[in-house]
Amino acid sequence: MARRSAKKLVKRSGTQGQQDRRAMEDNVRPLFEDGWSPIEGVPEAPRDRSYKKNLRPQNETQGQLFTQLDEHNVVFALGPAGTGKTYVAVAKAVEALEAGKIGRIVLSRPAVEAGESLGFLPGDMEEKLSPYLRPLYDVLTERLSAKRVRQLMGEGVIEVAPIAFMRGRTLNNAFVVIDEAQNCTYAQLKMLLTRLGWHSTMVVTGDPDQSDLLPGMSGLAEIADKLEAVEEIGVTRFERGDIVRHPLVAKMVEQI
């Protein structure tokens with residue numbers, strides 16, 4: 001008897017619950033009949049997308065750099081900040097990768113602070129070097145998407161190579177960008193240049209007048225002067241009039 005009573009009670013409670021739910025569903029009405037949305041009028045969040053804009057030289061000196069990158073395997077781009085040296089080098093690397101001309105991009109930059117010490121940086125090698133390579137990442141993200149950059153780095157197609165670990169390597173089928181080379185010594189640059197392998201292009205960018213090393217330690221100007229006599233090596237020298245950043249940058253460079 002007790003079991004039968006319990007079953008009837010459960011059945012009644014289940015039936016009553018279904019009736020209550022139906023009643024609630026019948027009483028549900030849209031709050032706004034005109035279809036108002038809480039996100040209406042809110043700007044859409046930026047989406048990851050490929051940067052499709054064609055790369056064009058902004059002045060005659062940049063045009064010379066474009067030509068040298070197409071015709072030479074080793075190119076030096078020297079000049080003041082804001083002339084587009086790094087941007088053109090990384091953008092041409094992405095262009096070559098997208099066209100299938102090379103198999104990977106290798107980025108390297110001296111881990112030298114600009115006047116202040118960052119101290120110990122946590123994380124793996126790439127995370128430690130990330131603050132120093134941020135200008136290169138910015139160009140990569142602009143030409144590709146942030147998602148694609150992370151994917152290519154995970155696959156090893158885009159590689160972060162610290163200068164300290166470059167000795168002994170041979171970089172075949174690669175586009176190598178050595179940025180901020182004014183913070184490299186003569187011995188370091190000599191070691192980096194001799195890493196060049198088959199079907200590879202190496203671009204060395206920097207401003208010899210803006211080194212963070214002690215006076216006389218930077219080897220960029222000396223090694224560029226010596227190699228400029230080699231016919232197969234291109235050297236592009238930017239002037240203050242070639243600055244394509246904010247017009248105030250050119251005026252400040254002239255004054256300081």
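How many bridges pair β1 and β6, and in which sense? I started my notebook with that one, and found five bridges in the parallel sense. One register point I jotted down for later: Val 75 has Gly 234 of β6 as its bridge partner. A reminder to myself before going further: this is a predicted model.

**Entry: the overall layout**

I counted eight helices and six strands in the chain. Walking along the sequence, I wrote the pattern down as α-α-β-α-β-α-α-β-β-α-β-α-β-α. I then looked at contacts between residues at least 6 apart in sequence, and 78% of them join residues at least 24 apart.

**Entry: the sheet**

Next I traced the strands across the sheet. The six strands form an open sheet, and I read their order as β3-β2-β4-β5-β1-β6, with parallel pairing. At the edges I found β3 and β6 (233-237), each of which pairs on one side only. I also looked up the turn between neighbouring strands, and it averages 15° with direction ignored.

Then I checked what lies over the strands. Helix α6, residues 186-193, lies across β1, β4 and β5 (201-206). Against β5, this helix runs at about 160°.

**Entry: the nonpolar cores**

I turned to the interior with a friendly old rule in mind: in soluble globular proteins, nonpolar side chains tend to be buried together. The largest nonpolar core here has 33 residues. The members touching the most others are Leu 65, Leu 69, Ile 105, Leu 107, Leu 140, Ile 158 and Phe 175. I asked which elements supply at least two residues each, and my list came out as α2 (60-71), β1 (74-78), α3 (85-98), β2 (104-108), α4 (125-143), α5 (146-155), β3 (158-160) and β4 (174-178). The largest share comes from α3, with eight residues.

I picked Ile 158 for a closer look. Leaving out residues up to four places away in sequence, I found that Ile 158 touches Ile 105, Leu 107, Leu 140, Leu 144, Leu 152 and Met 153. Apart from this core I noted another, of 24 residues, including Val 176, Ala 181, Leu 193 and Met 202.

**Entry: burial and surface**

Last, I looked up the totals. Of the 256 residues in the chain, 39% count as buried. The accessible surface comes to about 16,400 Å², and I noted that 52% of it belongs to carbon and sulfur atoms.

Note on methods
Residues numbered from 1 in each chain as written. Predicted model: local features only at pLDDT ≥ 70, side-chain atom pairs only at ≥ 80, totals over all residues. Heavy atoms only, no water. Helix = DSSP H or I, 4+ residues; strand = E, 2+ residues; numbered from the N terminus. Buried < 20%, exposed > 50% of the residue type's maximum accessible area, 1.4 Å probe, protein only. Contact = heavy atoms within 4.5 Å. Areas by Shrake-Rupley, 256 points an atom, 1.4 Å probe, with all protein chains shown as cover. Core = buried A, V, L, I, M, F, W, Y, C linked by side-chain atoms within 4.5 Å. Pairing = 2+ DSSP bridges. Axes fitted to C-alpha atoms, helices over the stretch in contact; angles between N-to-C directions.
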